[in-house]
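Work through the two exercises below with the model open. Each task is followed by a solution in steps.

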Amino acid sequence: MRQVRLSIGRKNHRQKMSKPLFNPQTANAVELAQLLGHGQLTSVQIVEAYLAQIDLHNPGLNALISRSPRENVLRAAERLDQERNNGKLRGPLHGIPIILKDCFTTASDLGMSTTCGSLALVGAKASKNSAIVQKMIDGGLIILAKANMTEFCGMKMTYMMPGWSAHGGQTLSPYVRVIEKDEKILGHSAPGGSSTGSAVSLSAGFAPLAMGTETIGSIITPTSRNALYGLKPTVGAQDTTGMYTMTEFYDSPGPMAKSAADVRELAGLLLDKVFDSPDMGSWKDLSVGIVDPRLWTMDESMCRQHDGSAENMVEEYESMVETLRKSGCSLQYPFAVPDLTGYPDTISLAHWDFKNVCMPEFLKVFDECPVSSVEDIVKFNEENKERAMPEPYTEQNDLIKAMNSNDPPEAVDEIKKTLRGKARTVLDTAFDEAEVNLLVGTCDSAFCVHAAAAGYPVAAVPLSTLKYNGRPFGLCVIARADGEEALLRFMAAYEAAMPSRTVPVL
């Protein structure tokens, strides 16, 4: 097991108080669970350490949008410690803290809001947790806080900076700490996708686990840019009742963590599976096609390259290929996967689903809510421009397009059917012709669009950092439908073969 810097004080109370019990930036959930099991830590001590880290560093990063009251989380930790002492364990993550993206509805008695970053939803109250939140609580997890996110996962204004919301403000990368002037939406100082707050919370050491959601790249990109491990499971594999999703076609919630083992444990809870393959961590029966990073890049309109940054990424990418090959990975490089030419309009689907399916279902979960429709949200923003649409985010063009999305359901269903069929044909042909079960590309590209359109599971793993500004970047890995175990096996074998992830200096 990878060693984490732990310093357990045993001699007396003064020693325990004077030294940190563990490093919150590097300790992972599986390691903390082992210490809990050995009686070397309590959940109360773990929670107190993360709360102290949040107090110290969240003001400079703005990763969190709401926090559960201190007495609430300490009471939950005490209860779980008592259960452990009585021989009751709810699961392998019993007593471990987690942070949730602010689209997972939490019951009001937990002391946190659910706003998706929108001022229009401030004050909404729910008496029940969303299905996934309740599953996590039943599994023994402690919800510390809700993470800031791109407002409505980006369904407000085109080219809004990831990690910004009217309610939560702008989340910053703990590696870069600034967003450069006139930065592009996925430029090298931009913090990631809509799950940015969740990812920053992890790399800053606010919790060992976090939950995000992904439409197209919303887990993968911020995971990559925070040197983390993340997973978007197969679309439709989880019960998303009671939570916000932008679309039913693309969206899937998923775990984010600092180790492959942590992702595996949380994915098992979410998917009601035990991922205990005896080959976990080995390359046995895994075959990988790795695409050319020179072909899979981002357009300059999305990300400007600086000071050899493109060459830097290719160099690290090809070094990774050699490292994996030497470690025993069966791989093909460079491996050709067709581009996205010929796909139907992907954005119109999001507008239609948001207005006609997802928002109506989401707003039903609240017992009290200031708004009841997309039209209400648009009206609220217009009436509260100074707060809801401040410079430079003075538009709500995507919300307006969604509000006016009135195509017949049959027409939208046909577009969805065509898109899913084309995407699966592209990927299945690649898998079959080369006899590989995983496809790997760079996260700094549109590679994950294939997975989103196909509804296939996709993962992210850390690779290196840019010499330009220290920002991490990583790999995107795609499997077939319900291929989560192959992705988790890849993560474990990759982690064992590659250097440790880079930890930001706060």
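The exercises concern one helix pair and one pocket.

This is a predicted model, in which local features need pLDDT of at least 70, side-chain atom pairs count only at pLDDT 80 or more, and totals for chains, interfaces and linings use all residues. Residues are numbered from 1 along each chain as its sequence is written, and side-chain values use heavy atoms, with hydrogens and water left out.

**Exercise 1.** Describe how helix α14 crosses helix α15.

Step 1. The axes of α14 (residues 409–434) and α15 (residues 447–454) come within 7 Å and cross at roughly 125 degrees. That makes α14 oblique to α15 (angles under 35 degrees count as roughly parallel, over 145 as roughly antiparallel, 65 to 115 as roughly perpendicular and the rest as oblique).

Step 2. The crossing of α14 past α15 is left-handed.

Step 3. From α14, Leu419, Arg420, Ala423, Arg424, Val426 and Leu427 meet His450, Ala451, Ala452, Ala453 and Ala454 of α15 (contact means heavy atoms within 4.5 Å).

Step 4. By class, this contact of α14 with α15 has eight nonpolar, one polar and two charged residues.

**Exercise 2.** Describe the largest pocket and its lining.

Step 1. The volume of the largest pocket is about 1,100 Å³.

Step 2. The lining has 36 residues, and the closest to the pocket centre are Ile185, Leu186, Ile216, Met302 and Ile347.

Step 3. The elements giving two or more residues to this lining are α10 (347–363) and α15. Helix α10 gives the most, with three residues.

Step 4. Sorted by class, the lining of the largest pocket has 20 nonpolar, 14 polar and two charged residues.

Methods:
Axes fitted to C-alpha atoms, helices over the stretch in contact; angles between N-to-C directions. Helix = DSSP H or I, 4+ residues; strand = E, 2+ residues; numbered from the N terminus. Left-handed = near helix turned anticlockwise from the far one by under 90°. Nonpolar A, V, L, I, M, F, W, Y, C, P; charged D, E, K, R; others polar. 1 Å grid on protein atoms, 1.4 Å probe; cavity = no way out; pocket = protein on both sides within 12 Å on 5 of 7 lines; lining within 4 Å. Points joined across faces, edges and corners; volume = space filled by probe spheres on them.
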